[in-house]
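This report describes a single protein model, with attention to its strand pairing and its aromatic contacts.

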Amino acid sequence: MQRRQIGLWVYYLAAAVVFAIDYVSKKLIEHNLELNEQIKVIGNFFLITFIHNRGAAFGILQEQRWFFLLITVVVVSAIVVYLNRSHRNNRRLMLAALSLILGGALGNFLDRAIYGQVVDFLQLNFGSYTFPIFNIADSAIVVGVCLIILDSLLTPTPTQETKNEQQNETSERQPV
(Lines give C-alpha, C1' and ligand atoms only; values in the text may rest on other atoms or scores of the structure.)
Protein backbone atom coordinates (compact mmCIF):
# COMPACT_ATOMS: atom_id res chain seq x y z
CA MET A 1 0.00 0.00 0.00
CA GLN A 2 1.43 3.34 -1.04
CA ARG A 3 1.43 6.27 1.40
CA ARG A 4 -0.70 9.26 0.48
CA GLN A 5 1.43 12.17 -0.62
CA ILE A 6 1.27 15.31 1.54
CA GLY A 7 0.99 18.59 -0.34
CA LEU A 8 4.22 20.49 -0.89
CA TRP A 9 2.68 23.54 0.80
CA VAL A 10 2.75 21.68 4.15
CA TYR A 11 6.55 21.60 4.07
CA TYR A 12 6.76 25.29 3.20
CA LEU A 13 4.31 25.97 6.03
CA ALA A 14 6.57 24.00 8.39
CA ALA A 15 9.53 26.16 7.30
CA ALA A 16 7.43 29.28 7.93
CA VAL A 17 6.54 28.03 11.42
CA VAL A 18 10.22 27.46 12.24
CA PHE A 19 11.00 30.93 10.91
CA ALA A 20 8.20 32.49 13.00
CA ILE A 21 9.19 30.71 16.23
CA ASP A 22 12.80 31.78 15.71
CA TYR A 23 11.80 35.38 14.99
CA VAL A 24 9.46 35.67 17.99
CA SER A 25 11.96 34.04 20.36
CA LYS A 26 14.72 36.46 19.29
CA LYS A 27 12.42 39.47 19.72
CA LEU A 28 11.38 38.27 23.19
CA ILE A 29 15.03 37.98 24.20
CA GLU A 30 15.92 41.40 22.77
CA HIS A 31 13.02 43.12 24.52
CA ASN A 32 13.31 41.39 27.89
CA LEU A 33 17.05 40.99 28.49
CA GLU A 34 20.06 43.23 28.43
CA LEU A 35 22.98 42.24 26.23
CA ASN A 36 25.06 39.54 28.02
CA GLU A 37 22.37 39.08 30.70
CA GLN A 38 21.88 35.50 31.88
CA ILE A 39 18.90 33.65 33.32
CA LYS A 40 19.44 30.24 34.88
CA VAL A 41 16.85 27.77 33.62
CA ILE A 42 18.33 24.48 34.86
CA GLY A 43 21.12 25.40 37.27
CA ASN A 44 24.36 26.03 35.43
CA PHE A 45 23.53 23.40 32.80
CA PHE A 46 21.01 25.43 30.75
CA LEU A 47 20.94 29.23 30.69
CA ILE A 48 19.33 31.92 28.60
CA THR A 49 22.21 34.25 27.68
CA PHE A 50 21.59 37.15 25.28
CA ILE A 51 24.47 37.78 22.87
CA HIS A 52 24.99 39.06 19.34
CA ASN A 53 26.92 36.85 16.93
CA ARG A 54 28.50 38.50 13.89
CA GLY A 55 29.92 35.20 12.67
CA ALA A 56 28.74 31.70 11.87
CA ALA A 57 28.32 28.71 14.13
CA PHE A 58 30.66 28.82 17.10
CA GLY A 59 31.45 32.46 16.28
CA ILE A 60 33.76 31.61 13.39
CA LEU A 61 34.28 33.99 10.45
CA GLN A 62 33.33 37.13 12.39
CA GLU A 63 32.35 40.22 10.37
CA GLN A 64 31.72 38.28 7.12
CA ARG A 65 28.13 39.50 6.68
CA TRP A 66 28.07 39.63 2.85
CA PHE A 67 29.69 36.22 2.59
CA PHE A 68 26.99 34.71 4.82
CA LEU A 69 24.20 36.47 2.94
CA LEU A 70 25.48 35.20 -0.40
CA ILE A 71 25.99 31.66 0.87
CA THR A 72 22.50 31.65 2.42
CA VAL A 73 20.89 32.74 -0.85
CA VAL A 74 22.67 29.89 -2.67
CA VAL A 75 21.79 27.34 0.02
CA VAL A 76 18.14 28.42 0.26
CA SER A 77 17.81 28.25 -3.53
CA ALA A 78 19.27 24.74 -3.54
CA ILE A 79 16.95 23.67 -0.71
CA VAL A 80 13.88 24.93 -2.59
CA VAL A 81 14.92 23.01 -5.72
CA TYR A 82 15.68 19.85 -3.74
CA LEU A 83 12.47 20.22 -1.70
CA ASN A 84 10.43 20.22 -4.91
CA ARG A 85 12.40 17.27 -6.31
CA SER A 86 12.11 15.25 -3.07
CA HIS A 87 8.36 15.92 -2.98
CA ARG A 88 7.95 14.08 -6.28
CA ASN A 89 9.65 11.06 -4.68
CA ASN A 90 7.46 11.32 -1.53
CA ARG A 91 10.49 11.25 0.81
CA ARG A 92 8.77 12.59 3.91
CA LEU A 93 11.78 12.45 6.23
CA MET A 94 13.91 14.34 3.72
CA LEU A 95 11.12 16.86 3.19
CA ALA A 96 10.79 17.47 6.93
CA ALA A 97 14.56 17.88 7.20
CA LEU A 98 14.67 20.38 4.35
CA SER A 99 11.79 22.32 5.90
CA LEU A 100 13.66 22.68 9.17
CA ILE A 101 16.84 23.78 7.44
CA LEU A 102 14.96 26.22 5.22
CA GLY A 103 13.14 27.85 8.15
CA GLY A 104 16.34 28.09 10.19
CA ALA A 105 18.43 29.46 7.34
CA LEU A 106 15.83 32.14 6.60
CA GLY A 107 15.62 33.06 10.30
CA ASN A 108 19.35 33.73 10.57
CA PHE A 109 19.38 35.33 7.10
CA LEU A 110 16.84 37.93 8.20
CA ASP A 111 18.95 38.90 11.22
CA ARG A 112 22.11 39.18 9.17
CA ALA A 113 20.44 41.11 6.36
CA ILE A 114 18.78 43.67 8.65
CA TYR A 115 21.11 43.92 11.65
CA GLY A 116 24.42 42.46 10.44
CA GLN A 117 24.36 40.00 13.34
CA VAL A 118 22.34 37.14 14.77
CA VAL A 119 20.71 37.02 18.20
CA ASP A 120 21.84 33.92 20.10
CA PHE A 121 20.53 33.00 23.55
CA LEU A 122 20.53 29.26 24.30
CA GLN A 123 23.54 28.23 26.38
CA LEU A 124 24.43 24.73 27.54
CA ASN A 125 27.24 23.92 29.96
CA PHE A 126 28.69 20.46 30.41
CA GLY A 127 30.85 20.70 33.51
CA SER A 128 33.58 23.21 32.70
CA TYR A 129 32.78 23.13 28.95
CA THR A 130 30.39 25.77 27.63
CA PHE A 131 28.82 24.88 24.29
CA PRO A 132 28.69 27.91 21.96
CA ILE A 133 25.50 29.91 22.45
CA PHE A 134 22.90 29.31 19.73
CA ASN A 135 19.27 30.05 18.79
CA ILE A 136 16.13 28.30 17.53
CA ALA A 137 17.18 28.67 13.87
CA ASP A 138 20.51 26.97 14.61
CA SER A 139 18.67 24.16 16.40
CA ALA A 140 16.33 23.64 13.44
CA ILE A 141 19.28 23.49 11.05
CA VAL A 142 21.12 20.92 13.19
CA VAL A 143 18.02 18.74 13.60
CA GLY A 144 17.38 19.03 9.85
CA VAL A 145 20.93 17.89 9.03
CA CYS A 146 20.56 14.94 11.44
CA LEU A 147 17.31 13.97 9.70
CA ILE A 148 19.05 14.12 6.31
CA ILE A 149 21.70 11.73 7.62
CA LEU A 150 18.97 9.46 9.01
CA ASP A 151 17.11 9.58 5.70
CA SER A 152 20.26 8.65 3.80
CA LEU A 153 20.77 5.67 6.12
CA LEU A 154 17.15 4.51 5.85
CA THR A 155 16.62 5.05 2.13
CA PRO A 156 17.80 2.06 0.12
CA THR A 157 20.10 2.88 -2.77
CA PRO A 158 18.95 1.43 -6.08
CA THR A 159 20.97 -1.58 -7.16
CA GLN A 160 22.07 -2.02 -10.76
CA GLU A 161 19.33 -4.62 -11.18
CA THR A 162 16.67 -2.13 -10.00
CA LYS A 163 18.06 0.52 -12.35
CA ASN A 164 17.91 -1.90 -15.28
CA GLU A 165 14.30 -2.83 -14.42
CA GLN A 166 13.32 0.84 -14.30
CA GLN A 167 14.98 1.48 -17.68
CA ASN A 168 13.19 -1.52 -19.21
CA GLU A 169 9.81 -0.31 -17.86
CA THR A 170 10.42 3.15 -19.26
CA SER A 171 11.44 1.87 -22.69
CA GLU A 172 8.42 -0.48 -22.83
CA ARG A 173 6.00 2.39 -22.16
CA GLN A 174 7.39 4.70 -24.84
CA PRO A 175 5.82 4.41 -28.32
CA VAL A 176 8.07 3.23 -31.11
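## Aromatic pairs and the sheet

F126 has a relative accessible area of 45% and is therefore partly exposed. The model discussed here is a predicted one. F45 likewise counts as partly exposed, at 38% relative accessibility.

Two aromatic pairs are present in the structure. In one of them, the ring centres of F45 and F126 lie 5.5 Å apart and the planes meet at 80°, so the pair is edge-to-face. This contact joins distant parts of the chain: F45 belongs to the loop between strand 1 and strand 2, F126 lies in strand 3 (residues 118-126), and 81 residues separate them. For F131 and F134, the centres are 6.0 Å apart with the planes at 85°, so this pair is edge-to-face.

The accessibility of the four ring residues is as follows.

| Residue | Relative accessible area | Class |
|---|---|---|
| F45 | 38% | partly exposed |
| F126 | 45% | partly exposed |
| F131 | 29% | partly exposed |
| F134 | 16% | buried |

F134 is classed as buried because its 16% relative accessibility falls under the 20% limit.

The strands named above belong to an open sheet of four strands, ordered 1-2-3-4 with antiparallel pairing. Strand 1 (38-42) and strand 4 (129-130) occupy the edges; each has a single partner strand, so one side of each lacks a neighbour in the sheet. Four bridges connect strand 1 with strand 2 (residues 46-53) in the antiparallel sense. I39 has I48, in strand 2, as its bridge partner.

Methods
Residues are numbered from 1 along each chain as its sequence is written. This is a predicted model: local features need pLDDT of at least 70, side-chain atom pairs count only at pLDDT 80 or more; totals for chains, interfaces and linings use all residues. Side-chain values use heavy atoms; hydrogens and water are left out. Two strands pair if DSSP finds at least two bridges between them. Helices (H or I, at least four residues) and strands (E, at least two) are DSSP runs, numbered from the N terminus. Rings of Phe, Tyr and Trp (its six-membered ring) pair if their centres lie within 6.5 Å; planes under 30 degrees apart count as stacked, over 60 as edge-to-face and the rest as tilted. Buried means under 20% relative accessible area, exposed over 50%, partly exposed in between (1.4 Å probe, protein chains only).
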